[in-house]
Amino acid sequence: MNKIPDKIYKNEPVKLVNNHVNPVKFFSVFSVIRFIQEQQIMTKKLNVGVVGLGRLGNLYARYFLGQISNANLVAVSDILEPVAEAFANDHNIDKCYRDYHDLVNDKDVDAVVIVTPTSLHKEVSIAAMEAGKPVFCEKPLSTLMEDSLAVKEVVERTGAFFHLGFMRRFDKGYAAAKRKIADGVIGTPIVFKSTSRDPFRPSLEYLDPQHSGGLLTDCGIHDMDLARWLVGEVASIYSIGDVLAYPEMKPVGDVDNAIATLTFESGALGVIDVSRSGIYGYDIKTEILGTKGTLQVGYLRETPLFVLTREGVTHDTVPYFMERFGQSYVDQLQNFVDHVRQDQSPAITCDDGIAALRISLAATQSLHEGRPVTV
Ligand SMILES: NC(=O)c1ccc[n+]([C@@H]2O[C@H](COP(=O)([O-])OP(=O)(O)OC[C@H]3O[C@@H](n4cnc5c(N)ncnc54)[C@H](O)[C@@H]3O)[C@@H](O)[C@H]2O)c1
């Protein structure tokens with residue numbers, strides 16, 4: 001059972017003053033009261049606090065200013081005080097905190113959205129759940145398995161609502177592929193191919209594997225999640241990778257390109273290539289070959305326009321994640337708000353985050369040890 005803040009979902013007991021209650025009347029009165037309470041639940045907006053206002057957190061906080069129904073942005077937190085203050089001033093948010101503990105313990109905050117560096121997901125999630133707040137935590141769940149299991153322990157002990165962010169599951173293309181596979185359109189999936197290429201590298205500070213988990217976790221975890229969501233559990237993985245495009249990444253301790261081959265428990269095969277140097281654009285695509293057909297998900301051309309001249313044919317490309325997955329982020333956050341308000345289970349769970357991380361960690365271990373690793 002999910003733990004829901006008392007103030008939204010409080011169900012006062014019905015007081016009966018008459019000992020001789022007509023059961024028919026009682027049940028109808030009870031039904032009316034219950035109906036009214038449910039309507040109150042449904043009409044009360046969810047007051048959200050966002051922790052971490054960097055590249056993605058800034059976007060998420062702005063989505064809550066108008067694009068997410070039945071939710072208010074009431075508080076923001078960033079360890080960089082000027083960042084939090086500037087956001088709060090620009091958008092008339094009353095509460096702005098340097099220390100996330102103050103946000104998660106704020107009685108006006110009903111639910112917490114966590115978009116800090118990955119290495120902090122565990123501590124902020126646990127603090128929010130211990131404060132009785134439903135949590136949306138951005139992927140990856142953590143950089144370490146022991147931290148992920150610590151989050152799971154708190155989810156289970158407190159019964160907290162915990163949604164792990166994997167927005168590709170909310171993309172129209174990926175969601176349609178999932179339905180086609182379930183409907184048997186391509187038969188049995190036998191080969192999974194997925195590509196994730198960033199158009200340029202993030203900051204060296206962001207890339208530090210201590211904070212990000214490294215390329216195969218930070219970036220590859222989307223493909224690991226898709227692999228198990230679309231095809232099934234992964235049995236073993238073998239990765240290669242190197243610093244090929246950005247020599248300045250060498251001291252950071254992460255690679256800028258990697259390729260992983262997967263063997264699924266079903267016997268199906270997979271290959272994932274992840275890159276920080278897709279210099280032509282943000283290139284995200286996946287193919288699932290089945291015994292009766294193939295599904296191809298993704299697109300590279302942002303604007304539906306080809307320019308044809310004597311010199312050749314050109315078109316633009318998807319610039320970055322904000323453009324490619326903007327609607328998926330909004331839909332996922334809306335799903336979070338709706339499920340919390342309606343007391344439904346999260347669409348993507350802590351266990352999903354753990355399962356995907358287990359594959360990414362095996363992929364990273366394989367990269368370092370130069371051998372296939374059992375997941
Ligand atoms: N799903 C996606 O497509 C996607 C895309 C980008 C990032 N992400 C994930 O989102 C998370 C954030 O990534 P980003 O690119 O926005 O990183 P970022 O470095 O741009 O932003 C992180 C922010 O958190 C703040 N912060 C650091 N410590 C804090 C603390 N103790 N309390 C409050 N704020 C703190 C930083 O000052 C910074 O503003 C990461 O986990 C990353 O994996 C997901």
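## A tour from paired helices to the nonpolar core

Begin by selecting helix α6 (residues 121-130) and helix α7 (residues 145-158), whose axes come within 10 Å and cross at roughly 10°. Angles under 35 degrees count as roughly parallel, so α6 is roughly parallel to α7. The model on screen is a predicted one. To display the contact, show K122, S125, I126, M129 and E130 on α6, together with D147, A150, V151, V154, V155 and T158 on α7. Coloured by character, these contact residues divide into 6 nonpolar, 2 polar and 3 charged.

Next, select the open sheet of 6 strands. Its order is β3-β2-β1-β4-β5-β6, and the pairing is parallel. Which strands stand at the edges? They are β3 (95-97) and β6 (162-165); each has a single partner strand, so one side of each is left without a neighbour in the sheet. Looking along the sheet, one finds neighbouring strands turned against each other by 25° on average, direction ignored. Helix α3 (residues 55-63) packs on this sheet and touches β1 (46-51), β2 (71-77), β4 (111-114) and β5. The direction of α3 makes about 165° with that of β1.

Move now to the β5 and β6 end of the order. Strand β5 (residues 135-138) pairs with β6 in the parallel sense over 4 bridges. Select V135: its bridge partner in β6 is F162. Leaving aside residues up to four places away in sequence, V135 touches V112, I114, S125, A128, M129, A160, F161 and F162. Two of these, S125 and M129, also belong to the α6 side of the contact with α7.

V135 leads on to the largest nonpolar core. Of its 94 residues, V50, V76 and V135 touch the most other members. Which helix gives the most to this core? Select α14 (residues 350-369), which contributes 8 residues.

For the next stop, select strand β10 (residues 269-275). Strand β7 (residues 189-197) pairs with β10 in the parallel sense over 7 bridges, and R197 stands opposite S275. Strand β9 (residues 257-264) is also joined to β10 by 7 bridges, but these two strands run antiparallel. Here T263 has L269 as its bridge partner. The hairpin of β9 and β10 has 4 residues between the strands, and G267 takes a positive phi near 100°.

Finally, display the whole chain, which has 14 helices and 15 strands. Buried residues make up 42% of its 375 residues. Among contacts between residues at least 6 apart in sequence, 70% join residues at least 24 apart.

Note on methods
Residues numbered from 1 in each chain as written. Predicted model: local features only at pLDDT ≥ 70, side-chain atom pairs only at ≥ 80, totals over all residues. Axes fitted to C-alpha atoms, helices over the stretch in contact; angles between N-to-C directions. Parallel < 35°, antiparallel > 145°, perpendicular 65-115°, else oblique. Contact = placed C-beta atoms within 7 Å. Nonpolar A, V, L, I, M, F, W, Y, C, P; charged D, E, K, R; others polar. Pairing = 2+ DSSP bridges. Core = buried A, V, L, I, M, F, W, Y, C linked by C-beta atoms within 7 Å. Buried ≥ 20, exposed ≤ 12 C-beta atoms within 10 Å, placed from the backbone.
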